[in-house]
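Reader: I am new to this structure and would love a close look at one part of it. Please choose the place where the chains touch, and explain each term as you go.

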Number of protein chains: 2
Amino acid sequence: MNRKKNLPELFDQIFDHWSPKVVGEVNDHLIKISKIQGEFLWHNHKREDEMFMVVKGEMEVQLRDEIIPLTENEIFVVARGVDHNLRAKEECWLLILEKARKKD
Amino acid sequence: MNRKKNLPELFDQIFDHWSPKVVGEVNDHLIKISKIQGEFLWHNHKREDEMFMVVKGEMEVQLRDEIIPLTENEIFVVARGVDHNLRAKEECWLLILEKARKKD
C-alpha cells in the first residue's frame, strides 16, 4: 500500500553514501533519496531530465561551465544530455526524481 | 535558463492560498508550489498520480476511507483515480509534482 514517506526516517535507514534508495513512484518516475559525500562522477542522461532537491546539508551540482551550489530546500533540474557531477564536502541528503529506467 | 529554485524565496512570492505556481519542469512533469490553508475540494485525477511534499507546516490528505496527516519533509503520492481532498488548519507550504496537462 502506498503509505506516506517520512524522509528523515527513511534517511536514517541509509548507511552508505552514493547508494540511492527508491522510496516511491509517481507516474513513470521514481522518487529516490541518497546520502552523498565526496564526489560522484561526470555523466549525463541522454533522454531524461533529473531533479535534485537538498533535504539537509549542502552540495554542488557541477556543470561543464558552471557550478550550482545547493542548500536545504533548493531544487535544480539537470536537463537531459547535460554533463554533470555531484559533490558534497559534508554529508548531504538528497531527494532525487528521475524517470524509471527503460532499456535503451 | 534553468536556474536553481530556492523554495523559501519562491514561497515568499505567493500571497494567496490554493494558488499553485509552476516553478520548474522535469521531463513531462511540472514542479509546483502552493500555500494552502483551510479545505480544498474532493476530486481525483483519472490518469495521473500526484505527489505532495510538505515543505513547511502540517496538512492532511483526506481519502474516502482514511486521513493521511503530513508534516514537514513527508511525502504522499495520491494514486490516479483516487478521490482526495486537502486541508490545513494553519498555513502549510506544499511542493507538488504532477504531469503537465494534456487535453483529455
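Author: With pleasure: what follows begins with a single chain, moves to one strand and ends at the contact.

First, some ground rules. This is a predicted model, in which local features need pLDDT of at least 70, side-chain atom pairs count only at pLDDT 80 or more, and totals for chains, interfaces and linings use all residues. Residues are numbered from 1 along each chain as its sequence is written, while chains are lettered from A and ligands numbered from 1 in the order in which they are written.

Let us meet chain A. One helix and eight strands make up its secondary structure; helices (H or I, at least four residues) and strands (E, at least two) are DSSP runs, numbered from the N terminus. Read from that end, the order of elements in chain A is β-α-β-β-β-β-β-β-β. The C-alpha trace of chain A spans about 45 × 35 × 20 Å along its principal axes. Its radius of gyration is 13 Å, which agrees with the value near 13 Å for a compact globule of 104 residues. That radius is taken over C-alpha atoms, and the globule rule is 2.2 Å times the number of residues to the power 0.38.

Of the 104 residues of chain A, 33% count as buried. A residue is buried if 20 or more other C-beta atoms lie within 10 Å of its own, exposed if 12 or fewer, and partly exposed in between, with C-beta atoms placed from the backbone. Contacts are another useful term: two residues are in contact if their C-beta atoms, placed from the backbone, lie within 7 Å. Among contacts in chain A between residues at least 6 apart in sequence, 59% join residues at least 24 apart.

Now look at strand E7 of chain A. Just before it, A:Asn73 sits in the loop between strand E6 (67–71) and strand E7 (74–78) of chain A. A:Asn73 is not a glycine, yet its phi is positive, at about 65°. With 21 other C-beta atoms within 10 Å, A:Asn73 is buried. The strand that comes next is mostly covered too, as four of the five residues in E7(A) are buried.

What does E7(A) pair with? Two strands pair if DSSP finds at least two bridges between them. Inside its own chain, E7(A) pairs with strand E4 (residues 50–56) in the antiparallel sense over four bridges, and A:Phe52 stands opposite A:Phe76 in E7(A). Across to the other chain, E7(A) and E1(B) pair in the antiparallel sense over two bridges. There, A:Glu74 has B:Asn6 in E1(B) as its bridge partner.

The reverse pairing is present as well: two bridges join strand E1 (residues 5–6) of chain A to E7(B), again antiparallel, and A:Lys5 has B:Ile75 as its bridge partner there.

That brings us to the whole contact. It takes 25 residues from chain B and 25 residues from chain A. On the chain B side, the elements that give two or more residues include helix H1 (7–11), strand E4 (50–56) and strand E8 (84–99). E7(B) gives the largest share of that side, four residues. By class, the chain B side has 13 nonpolar, six polar and six charged residues. Here Ala, Val, Leu, Ile, Met, Phe, Trp, Tyr, Cys and Pro count as nonpolar, Asp, Glu, Lys and Arg as charged, and the others, Gly among them, as polar.

How do the copies face each other? A rotation of 180° with 0.0 Å of shift along its axis superposes chain B on chain A, with an RMSD of 0.0 Å. The two copies are thus related as by a two-fold rotation axis. For this comparison, copies are superposed by least squares on the C-alpha atoms of residues with pLDDT of at least 70 in both. Moreover, 100% of the interface residues of chain B are also interface residues in chain A, so the copies meet through the same surface.

Finally, look at the nonpolar core, a set of buried Ala, Val, Leu, Ile, Met, Phe, Trp, Tyr and Cys residues joined through C-beta atoms within 7 Å. The largest one has 49 residues, of which A:Phe52, A:Leu94, B:Phe52 and B:Leu94 touch the most other members. Not counting residues up to four places away in sequence, those touched by B:Phe52 include B:Ile75, B:Phe76 and B:Leu94.
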